[in-house]
Amino acid sequence: MSVEAGIIALTVTIVAVVYRYSLKKKTNSNSQPSQQNNDYIVTKIHNKWYNLTDFDHPGGPVALSLVQKRDGTALFESHHPFTKHKKLMQVLSKYEVPKAKESTYGCQLMDERDDGLVYEWDGIDNDEFVSDLKALVSEYFAKITKRKSLSKVTEASKATLSRWFIVVTLMISFFGSLPLYIRGNWLFIVITPVLAWLTIANYWHDATHFALSTDWRVNAYTPYLLPLLSSPSIWYHQHTIGHHAYTNIGHKDPDLAHAPQLMREHKSIRWRSSHTNQAHFLRILLVWSIASGIGLNILSDMRAVFKLTYNNAVPCMQRSRMDLAAHLFGRLFYIGVAYVWPFFVFPFWKALIWSSVPNAIFSLCFMLNSQINHMVGPCIDASSKNFYKHQIVTAQNFGNDSWLCFYFSGGLNFQIEHHLFPTVNHCHLPALAPGVKRICQKHGVPYNVVSGYKEALVAHLSHTAEMAVRP
């Protein structure tokens with residue numbers, strides 16, 4: 001068997017094992033209190049506890065696991081843009097835990113700091129600004145639903161056929177490049193990692209936001225086909241639970257504290273003498289080159305698994321032995337595929353290049369498209385008690401008229417719209433952006449947008465230089 005065929009076959013086997021044990025749904029037909037407390041899927045929304053163990057959520061077990069033993073208010077509000085608030089609360093009321101039974105069902109937050117007091121939710125359903133935003137997105141997708149004769153408006157908000165065509169084409173291109181990459185073709189040391197980034201940017205991120213398909217299995221399983229950016233289970237903690245709910249809020253957004261010893265991008269990070277040179281080109285190149293491979297995939301992952309907290313910002317549930325074994329096996333396999341295999345195939349000098357350069361290129365692509373969206377002057381210290389306004393003022397769009405920015409970032413250049421409507425596939429965001437901008441102008445909410453990569457990158461580097469100075 002050829003080397004590439006062996007690696008692909010082993011990959012398929014590992015993927016099957018990992019999501020056999022990583023996506024198990026905890027169920028109990030009657031949710032009786034004889035269960036262990038940790039087996040209940042309980043969450044706190046708008047200061048009330050709910051037992052969702054028996055709730056057959058359209059987002060599947062992954063969606064429910066995101067709010068287990070957390071204040072799930074922010075995720076609850078942002079992930080249901082098409083359903084009237086009154087109806088949502090009526091559905092929730094069926095699962096409310098009486099005060100007298102809260103201890104019985106283990107209604108206790110993993111982190112007492114997760115108190116839901118960051119935003120003011122009272123009257124949010126009657127807020128004119130929020131109502132305008134929800135009317136915009138509802139009307140837009142209602143028209144698509146009617147035109148395509150779809151059964152539900154949520155179907156219209158997921159990936160279109162043309163988007164699926166692009167995703168499948170990118171996947172075929174990436175996997176098709178692997179034989180030449182594995183054989184050591186020098187051209188593909190660049191082509192393959194760029195294709196990997198393009199593929200992940202245009203499907204992986206949407207899938208982890210339940211925005212790829214209305215079938216939760218598609219959203220849950222497909223990220224495990226290419227877990228190159230991060231372990232999907234850990235990514236949910238970092239990105240969905242932490243970053244999206246509490247963007248740019250110190251000690252709550254884990255993206256502010258990935259490498260505090262090397263980089264200081266927010267005032268919540270204590271200044272160190274090592275930050276003095278953080279704006280130098282070589283420092284940024286080093287950090288950006290290892291951020292994904294060494295940082296997200298290994299160091300941050302292992303800290304979250306064994307310390308039960310992601311960057312001391314997002315608490316993590318204790319894993320079962322089987323789940324832990326599957327996760328660790330998946331991470332070891334990632335290390336083998338990303339760093340080790342070249343040493344069994346190439347001369348040592350070439351193996352060093354093959355185990356470092358492709359990972360660096362992929363990581364650079366990721367960092368270029370992630371750091372310029374929030375870590376810039378106008379956004380980094382902005383805030384609002386209104387959750388939706390907060391999502392807008394802490395985000396920056398770039399290159400909204402550029403097809404290069406759109407496809408190379410996987411729609412991350414429409415960061416404002418993405419944060420407002422995370423369950424909407426990014427292929428719809430360009431159509432929603434003018435309406436969002438118009439509503440922001442109407443209500444006096446800052447709408448941050450720059451012309452493209454160059455202006456966005458300059459703004460980020462300027463911010464990095466400012467944060468290098470001792471306070």
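# Reading burial, contacts and distances

Reader: In which helix is the place of Pro61?

Author: Pro61 has its place in helix α2, which covers residues 60–65. Please keep in mind from the outset that this is a predicted model.

Reader: Is Pro61 buried or exposed?

Author: Burial is judged by relative accessible area, with buried meaning under 20%. Pro61 has a relative accessible area of 11%, so Pro61 is buried. Val62 also has its place in helix α2, and its relative accessible area of 6% makes Val62 buried.

Reader: How should I read separation in sequence against separation in space?

Author: The two are best stated side by side. Val62 and Ala220 are 158 residues apart along the chain, with C-alpha atoms separated by 7.1 Å. For Pro61 and Glu466, the separation is 405 residues in sequence and 43 Å in space, C-alpha to C-alpha.

Reader: What share of the contacts in the protein is made by residues 24 or more positions apart?

Author: Contact means heavy atoms within 4.5 Å. Among contacts in the protein with a separation of 6 or more, 70% are made by residues 24 or more positions apart.

Reader: Which residues does Tyr203 touch, and where does Tyr203 lie?

Author: Tyr203 belongs to helix α8, residues 188–207. Leaving aside residues up to four places away in sequence, Tyr203 touches Val167, Met171, Leu212, Thr222, Pro223, Leu225 and Leu226. Its relative accessibility is 0%, and therefore Tyr203 counts as buried. Leu228, by comparison, stands 25 residues from Tyr203 in sequence and 13 Å from it in space, C-alpha to C-alpha.

Reader: Where is the place of Val424, and why does Val424 count as buried?

Author: A residue need not belong to a helix to be covered, as Val424 illustrates: its place is in the loop between α17 (415–420) and α18 (429–443). Val424 counts as buried because its relative accessibility is 1%. With residues up to four places away in sequence set aside, Val424 touches Phe82, Phe141, Ser157, Asp206, Ala211, Leu429 and Leu432. The C-alpha atoms of Val424 and Gln441 are separated by 23 Å, although these residues are 17 positions apart along the chain.

Reader: Which residues other than glycine have a positive phi?

Author: Two cases may be examined here. Ser149 is not a glycine, yet its phi is positive, at about 55°. Ser149 is found in the loop between α5 (128–147) and α6 (153–156). Asn312, likewise a residue other than glycine, has a positive phi near 55°. Asn312 lies in the loop between β3 (309–310) and β4 (314–315).

Reader: How do Ser149 and Asn312 count in terms of exposure?

Author: Exposed means over 50% relative accessible area, and partly exposed lies between the two cut-offs. Ser149 is at 66% and therefore counts as exposed. Asn312 is at 47% and therefore counts as partly exposed.

Reader: How far apart are the end C-alpha atoms of helix α10?

Author: One compares the end-to-end distance with that of a straight helix. Helix α10, residues 232–244, has 13 residues, and its end C-alpha atoms are only 15 Å apart. A straight helix at 1.5 Å a residue would reach 18 Å, so α10 falls short of that span. As for burial, α10 is mostly covered, with 13 of its 13 residues buried.

Reader: How should the protein be described as a whole?

Author: Begin with its elements: the protein has 19 helices and six strands. Its C-alpha trace spans about 65 × 55 × 50 Å along the principal axes. A compact globule of 471 residues would have a radius of gyration near 23 Å, which means that the 22 Å of the protein agrees with that expectation.

Reader: How much of the protein is buried, and what does it expose?

Author: Of its 471 residues, 56% count as buried. The protein exposes about 21100 Å², with carbon and sulfur atoms supplying 61% of that area. Regarding charge, there are 44 positive and 32 negative charges, and their mean positions are 4 Å apart.

How values were computed. Residues are numbered from 1 along each chain as its sequence is written. This is a predicted model: local features need pLDDT of at least 70, side-chain atom pairs count only at pLDDT 80 or more; totals for chains, interfaces and linings use all residues. Side-chain values use heavy atoms; hydrogens and water are left out. Helices (H or I, at least four residues) and strands (E, at least two) are DSSP runs, numbered from the N terminus. The radius of gyration is taken over C-alpha atoms; the globule rule is 2.2 Å times the number of residues to the power 0.38. Buried means under 20% relative accessible area, exposed over 50%, partly exposed in between (1.4 Å probe, protein chains only). Accessible areas come from the Shrake-Rupley method with a 1.4 Å probe; for residues, only the protein chains shown count as cover. Lys and Arg count as positive and Asp and Glu as negative; His and the chain ends are not counted. The place of a charge is taken as NZ of Lys, CZ of Arg, CG of Asp or CD of Glu.
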